[in-house]
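Visitor: Please give me a close look at the largest pocket, then walk me outward from there.

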Amino acid sequence: SSLNMLKDIPIDEMKVDQVFFRAEKENKERSFEIIKGVLSMAKSLHIHTVAEGVETQAQVNCLCSLGVDYLQGFYFGRPEKVDAFCCEYKQRQLCNQ
């Protein structure tokens with residue numbers, strides 16, 4: 001199983017799939033408990049967690065309150081080419097000086 005691999009592979013980061021925090025109403029509570037368990041296990045193994053597919057402020061609030069280390073998804077920005085990202089990043093750095 002995938003969990004068996006955690007004891008053998010030296011990882012420092014684990015992704016939490018969006019399927020767990022986008023669950024339908026009937027599965028929402030069960031998914032929430034799974035996320036809590038995975039985060040607890042990751043923390044005790046000193047593994048950072050990344051929630052992928054974050055799209056709403058409510059998801060940001062929930063995942064942050066659960067202790068997810070990093071968030072990624074359309075809520076923060078759409079995928080873009082490296083050149084476009086670098087250009088925008090440099091412009092933001094100049095504006096913040």
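**Inside the pocket and out again**

Guide: Let's start with the chain as a whole: of the contacts (heavy atoms within 4.5 Å) between residues at least 6 apart in sequence, 47% join residues at least 24 apart. A word on ground rules: this is a predicted model, with local features needing pLDDT of at least 70 and side-chain atom pairs pLDDT 80 or more, while totals for chains, interfaces and linings use all residues. Numbering runs from 1 along each chain, and side-chain values use heavy atoms, without hydrogens or water.

For orientation, the protein chain has 4 helices and 3 strands (DSSP runs numbered from the N terminus, H or I over at least four residues for helices, E over at least two for strands). Trace it from the N terminus and you'll read the order α-β-α-β-α-β-α. Along its principal axes, the C-alpha trace of the protein chain spans about 45 × 35 × 25 Å. Of the 97 residues in the chain, 21% are buried (under 20% relative accessible area; exposed is over 50%, partly exposed in between, with a 1.4 Å probe and protein chains only).

Now for the spot you asked about. The largest pocket comes out at about 290 Å³. A pocket here is an open set of points on a 1 Å grid over the protein atoms alone, where a 1.4 Å probe fits and protein lies on both sides within 12 Å along at least five of seven lines; lining residues have an atom within 4 Å of a point. Points join across faces, edges and corners, and the volume is the space filled by probe spheres set on them.

Which residues sit closest to the centre of the largest pocket? Out of 15 lining residues, they are Ser 2, Leu 3, Leu 6, Met 14 and Lys 15. Go by element instead, and α1 (2–6), β1 (13–16) and α2 (25–44) each give two or more residues to the lining of the largest pocket.

Since α2 is one of those contributors, let's stay on that helix for a moment. Ser 31 belongs to helix α2 and is buried, at 8% relative accessible area. Setting aside neighbours within four places in sequence, Ser 31 is in contact with Phe 20 and Ala 23. Val 38 is in helix α2 too, but at 24% relative accessible area Val 38 is partly exposed. Between the C-alpha atoms of Val 38 and Val 54 there are 17 Å, for 16 residues along the chain.

Step off the helix and you meet His 46, in the loop between α2 and β2 (48–52). This one is worth clicking on: phi of His 46 is near 60°, a positive value in a residue other than glycine. With 70% relative accessibility, His 46 counts as exposed.

Further on comes helix α3 (residues 57–66), where you'll find Gln 59. Despite its polar-looking side chain name on your screen, is Gln 59 buried or exposed? It's buried, at 13% relative accessibility. Leaving out residues up to four places away in sequence, Gln 59 touches Phe 21, Arg 22, Gly 53 and Val 54. Gln 57, also placed in helix α3, is partly exposed at 38%. The C-alpha atoms of Gln 57 and Tyr 75 are 7.6 Å apart, with 18 residues along the chain between the two positions.

Next, the cysteines. The structure holds 0 disulfides (pairs of cysteine sulfur atoms within 2.5 Å). Cys 64 is unpaired, and the nearest cysteine sulfur, in Cys 62, is 9.3 Å away. Cys 64 is partly exposed, with 45% relative accessibility. Why does Cys 87 have no bond to Cys 86? Because the sulfur of Cys 87 is 8.8 Å from that of Cys 86, its closest, which is too far. Cys 87 is partly exposed as well, at 42% relative accessibility.

Our last stop is the second largest pocket, with a volume of about 150 Å³. Its lining is made up of Phe 76, Gly 77, Arg 78, Glu 80, Phe 85, Glu 88, Tyr 89 and Arg 92.
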